[in-house]
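User: I would like a close look at one part of this model, the nonpolar core, and at how the rest of the chain is arranged with respect to it.

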Amino acid sequence: MAVDKQRIIETYPLPVYNYQVTINGVEVMSFSEISGLEIDHEHVLYRHGFSWAVGGHIIRGQRKPINITLKRGIVKRRTDLYDWIKSGEKKDIRIELCDETGMGIVIWEVSRALPFKLDAPSFSASASEIAFESLNLIAHDLRIKHN
């Protein structure tokens with residue numbers, strides 16, 4: 001069975017390193033790692049009058065908070081993450097997982113993200129690693145779109 005190039009492009013998984021980040025409409029392609037893009041709900045064991053005979057039911061409870069972490073290397077005279085946490089402003093974030101042409105295929109839209117923690121790197125005189133800072137956010141909503 002012959003497989004053509006288009007079929008491979010449509011069915012091959014996308015590499016995780018090819019993504020773009022936009023914050024409040026401004027493209028920021030400088031994050032080395034993004035984590036926490038998840039929708040998670042509590043689970044509740046519901047017991048009713050006949051639970052003794054048929055057992056309890058597991059139902060979905062309230063949604064857990066959306067906690068996102070953005071990491072990037074520290075660069076001279078770049079204070080936008082510090083300025084953001086200082087201002088306490090809520091911003092919208094758009095993360096696009098792109099194909100080989102740079103077109104967003106899967107898009108995570110984070111609504112009203114509020115920064116609550118900014119981490120500096122760990123300093124060590126014996127290390128030669130890049131200095132990374134990380135910003136932790138809590139978001140109101142997360143939507144996923146597929147193009």
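User: Among contacts in the chain between residues at least 6 apart in sequence, what percentage join residues at least 24 apart? Please start there, and then take me through the largest nonpolar core and some individual residues in and outside its strands.

Analyst: This is a predicted model, and every value below is computed from it. Of the contacts between residues at least 6 apart in sequence, 61% join residues that are at least 24 apart. The chain that makes these contacts holds three helices and ten strands, and read from the N terminus its elements follow the order α-β-β-β-β-α-β-β-α-β-β-β-β. With a radius of gyration of 21 Å, well over the 15 Å that the globule rule gives for 147 residues, the chain is more spread out than a compact globule. Along the principal axes, its C-alpha atoms fill a box of roughly 65 × 55 × 35 Å. Buried residues account for 27% of the 147 residues, while the chain exposes about 10700 Å², of which carbon and sulfur atoms supply 54%. As for charge, there are 19 positive and 19 negative charges, and their mean positions are 5 Å apart.

Turning to the core itself, the largest nonpolar core has 22 residues, and those that touch the most other members are Val21, Phe31, Ile34, Ile68, Ile93, Val110 and Leu137. At least two residues of this core come from each of strand E1 (19–23), strand E6 (66–73), helix H3 (80–87), strand E7 (91–98), strand E8 (104–119) and strand E9 (132–139). The element that gives the most is E8, with four residues. Ile34, one of the core residues named above, shows how separate stretches of sequence meet: leaving out residues up to four places away, Ile34 touches Tyr19, Val21, Ile68, Thr69, Leu70 and Ile95.

Strand E8 deserves a closer reading, and Ala113, which lies in this strand, is a useful place to begin. Its relative accessible area is 0%, under the 20% cut-off, so Ala113 counts as buried. Apart from neighbours within four places in sequence, Ala113 is in contact with Trp84, Glu89, Lys90, Lys91, Ile93, Leu137, Ile138 and Ala139; among these partners, Ile93 and Leu137 are also among the core residues that touch the most other members. Ala113 and Arg78, by contrast, are 35 residues apart in sequence and 20 Å apart in space, taken from C-alpha to C-alpha. Arg112, also placed in strand E8, is partly exposed, with a relative accessible area of 41%. The backbone at Arg112 calls for attention when the model is inspected, in that its phi is near 50 degrees, a positive value in a residue other than glycine.

A positive phi is also found at Arg77, about 55 degrees, although Arg77 is not a glycine. Arg77 sits in the loop between E6 and H3, and its relative accessibility of 80% is over the 50% cut-off, so Arg77 counts as exposed.

In strand E1 one finds Thr22, which is buried at a relative accessible area of 15%. Not counting residues up to four places away, Thr22 touches Glu27, Val28, Asp92, Ile93 and Arg94. Tyr19, which Ile34 touches, can be related to the loop between E7 and E8, where Gly102 is placed: the C-alpha atoms of Gly102 and Tyr19 are separated by 8.1 Å, although the two residues are 83 apart along the chain. Gly102 itself is partly exposed, with a relative accessible area of 29%.

Further along, the loop between E8 and E9 holds Ala131, which is partly exposed at a relative accessible area of 31%. Its contacts, leaving aside neighbours within four places in sequence, are with Arg72, Gly73, Ile74 and Pro121. Between the C-alpha atoms of Ala131 and Glu100, which are 31 residues apart along the chain, the separation is 29 Å.

Finally, Ser51 lies in helix H2, which spans residues 51–54. Ser51 counts as buried at 11% relative accessibility, and beyond its neighbours within four places in sequence, Ser51 is in contact with Tyr46 and Gly56.

Technical notes
Residues are numbered from 1 along each chain as its sequence is written. This is a predicted model: local features need pLDDT of at least 70, side-chain atom pairs count only at pLDDT 80 or more; totals for chains, interfaces and linings use all residues. Side-chain values use heavy atoms; hydrogens and water are left out. The radius of gyration is taken over C-alpha atoms; the globule rule is 2.2 Å times the number of residues to the power 0.38. Buried means under 20% relative accessible area, exposed over 50%, partly exposed in between (1.4 Å probe, protein chains only). Contact means heavy atoms within 4.5 Å. Accessible areas come from the Shrake-Rupley method with a 1.4 Å probe; for residues, only the protein chains shown count as cover. Lys and Arg count as positive and Asp and Glu as negative; His and the chain ends are not counted. The place of a charge is taken as NZ of Lys, CZ of Arg, CG of Asp or CD of Glu. A nonpolar core is a set of buried Ala, Val, Leu, Ile, Met, Phe, Trp, Tyr and Cys residues joined through side-chain atoms within 4.5 Å.
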